[in-house]
Amino acid sequence: MHANPAASQFGISQPWCHLGHNMVPGPRLPECHQCVAAGTRDTNSARQISRRHSAKSFHAAQCDCPPRSFANASLRIYVRSMIQVASMIAVRRVRRAAPLLAQGMQTSIFVRSGFSLPRVSSRHALSLMRDRLSELESRASISDEATIDHLNECTSSLQDLCRDWGGLDTDGHGDGGVTVHALQQRHEELRTSLGACPLGNPADVFAVSEQESSDPATEAFKRATHAIRSADLARSLWAFSFIEIHMAESSRLAGSLLELSNARLRLHDVQGAHADLVRANELGEPMMKKTTYLAQLLAPRDSDLLMDATSAGSRSEVFCRRLQGIFHDAGYRLFAVPALAKRLEEEPTEEQEEHWPPLLKLIAVFWSHCTARLAHFIPVLGLELCQFLLRLRVLTVMHNTSGRLISPDEASRLVVDSQEAIMYSVFSNVQVWPVEEDLLVATDWSGTFYSKDLQPVMYLSDDSWALASAAPRHPPAGRVLDLCCGSGVQGIVALRYYAERGVFVDLNPRAIRFTSFNLALNGLSSKAQAVLHGNLYEVLPSGTERFGAIVANPPFLPNPGCIADGAGAMFGDGGSTGESVISAIVRGAATWLVPGGRLSTVSLAPDVEEMPARLASWYFSAQQHASGLRARIFHGPPGPAPQFIGTASAAEAHRLKVALETMGIRTMAETLVVLEATSCDVVNVEISGPPREALWSDHEFMATEIRNCLGRGETEQGSG
């Protein structure tokens, strides 16, 4: 072994196992990226967080009360922002602005801070708030500002440290007499300093957040997390270069590559993390389970996934219909798939897999996210369909021993060569859900995480199933509009059962591709008048006729200040209150529904007992609307609001709780709303019945009670 002083200084002078040694201090790579994104070591908690309707932060479960200084900081920010807004409009609209400000002063955050304010007149509201600000500042703890300053200082120091790691040569020396020992000592000192942060230790968060927050403390914490993870990566890069030159043993190089892969993954560099493990495998130190996991994270991020057109009558649609027939003939049904999937919990031998029936192979690849040996899977779909799905990037081929991903062109050639295909495996980049009867719907996998360059298409969660079951099907709607369509599942169910034509709209361009594919897969492309990329009703072409039904599964998680990373995905973020999108949908329904037309939507509603008043105010705020309105609101038991929103750290959990309390959002509940535009002047909006446990999971109740809640005989013919 080649001796070098830097080796002992860095703590790598002794041999170590590539699977059992942590060269870089810190938490180990978890088994799934949901756990990374959630920032928790508890895999079950992470899986809960990944579900947008039932997400509960692992840290929030441990920490019920935010420190007092956090609340004071949010209070100061809240008051300052209200004063700024008021100052802008006070000259001409003080009569309209001041009552709103005065009402804001009665919110719970003021009561929690010890202020019990009398109701004030419009003219005095603004001045009273300014007078109170100085008192608030004197009473508030300065620890928040000190904490933010401390985090910013650590971030700056870590950025300098990162540059110094990059400036080291392979002997451990850098500019200005910097040594690896000195950098290692600075690294650990900064890590210890971060541990003193009252918001929690940024170094304990597994992966960085790519969502920017307007909350100063949360943003400072996120920047510090990014800085420590970047410094860890820089240190791992230097360590690898050192080992590569001075200790060129395959086991040591593979172990260093594993640590490097972990560091990259924490910074969301999935491609780099996968490449590191491929190289480790090629050194003869196989880590195929981790490599496969990273390959299944990486492949769905291909920008060309489902890019090919699937318009009605095209060759692509012919292939899609053939694919649907294979699933149908194999028995790929909702009642059979989950039960048979349990047989895949233990990894099969090659002989067992070869003799599986086609249904089990389809379930393994398209439902359970397993890999299958390419040679065994080709006969299930046939050569042409395999090549078609490879071109669409629906399927990806991977080398069995290195984990290297194969290009679609090369994979198409392998499909023909049965001898060479034995050396490769295949997996799916989409999950295929059996819905009602023979319908199939492809979505992203639940583990496909969002980032700046990718917004996944929501998998079918309880809210999706609930809306598909509950939306009224009688009388027929004629035309249906699916807003926030995602995979298109709601509109596809409508076209299958109660609508003749449909229009699909989503702000996520990836959702447009999934919807087009799913329409072709189910032979419904000819019934889709348009699949539009844009914001709700704004994208509808001029002259578009009104609709007999609107279905919408909008993003509905409250995310004030973009604090919660768990609510950052496009399919989850419903704005500060969680109702930014659903309120716009209801306002537009007044214009776009024919008399007797119905809007069916689902959400996690804040303060559900006040929802009837909010619903009516949204509907009648439109300039053009129907004369009357009937609506029924079904809801589950209210629960504390923070438990429904996933957070990536204790810091996010604390700040989110304070922000929700500041806005007066204390509880949330599962809701399902059915609204009808009437031609008479009657307005009837009410909550139907007491809270129902597990509302979204009660599909019998959805299909019988909610689907017919407005009455078949009473409902006007919505034939738009």
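This passage walks through a pocket, a buried isoleucine and the aromatic pairs of a predicted model.

The second largest pocket has a volume of about 530 Å³. Its lining is made up of 32 residues, and Cys484, Asp506, Pro555, Met570 and Phe571 are the closest to the centre. Two elements, α23 (489-497) and β8 (499-506), each give two or more residues to this lining. By residue class, the lining holds 18 nonpolar, ten polar and four charged residues.

Asp506 also appears among the contacts of Ile512, together with Val531, Leu532 and His533, once residues up to four places away in sequence are set aside. Ile512 belongs to helix α24 (residues 509-521). With a relative accessible area of 14%, under the 20% cut-off, Ile512 is therefore buried. Ser487 is 25 residues from Ile512 in sequence, yet their C-alpha atoms are 7.8 Å apart.

Turning to the rings, the model contains 13 aromatic pairs. Phe366 and Phe377 form a tilted pair, because their planes meet at 45°, with ring centres 6.3 Å apart. This pair links helix α17 (residues 358-366) to helix α18 (residues 374-381), across eleven residues of sequence. Phe366 is buried at 1% relative accessibility, and Phe377 is likewise buried at 1%. Both rings join Phe327 and Tyr332 in one aromatic cluster.

Phe634 and Phe701 make an edge-to-face pair, with 6.0 Å between centres and 80° between planes. Here strand β12 (residues 628-635) is linked to helix α28 (residues 699-706), the two residues being 67 apart in sequence. Phe634 is buried at 7% relative accessible area, as is Phe701 at 13%.

Charged groups meet rings too: Arg301 sits over the face of Phe449, 4.1 Å from the ring centre, and Arg496 over that of Tyr497, at 5.2 Å.

Notes:
Residues numbered from 1 in each chain as written. Predicted model: local features only at pLDDT ≥ 70, side-chain atom pairs only at ≥ 80, totals over all residues. Heavy atoms only, no water. Helix = DSSP H or I, 4+ residues; strand = E, 2+ residues; numbered from the N terminus. Buried < 20%, exposed > 50% of the residue type's maximum accessible area, 1.4 Å probe, protein only. Contact = heavy atoms within 4.5 Å. 1 Å grid on protein atoms, 1.4 Å probe; cavity = no way out; pocket = protein on both sides within 12 Å on 5 of 7 lines; lining within 4 Å. Points joined across faces, edges and corners; volume = space filled by probe spheres on them. Nonpolar A, V, L, I, M, F, W, Y, C, P; charged D, E, K, R; others polar. Phe/Tyr/Trp six-rings, centres within 6.5 Å; stacked < 30°, edge-to-face > 60°. Lys NZ or Arg CZ within 6 Å of the ring centre and 35° of its normal.
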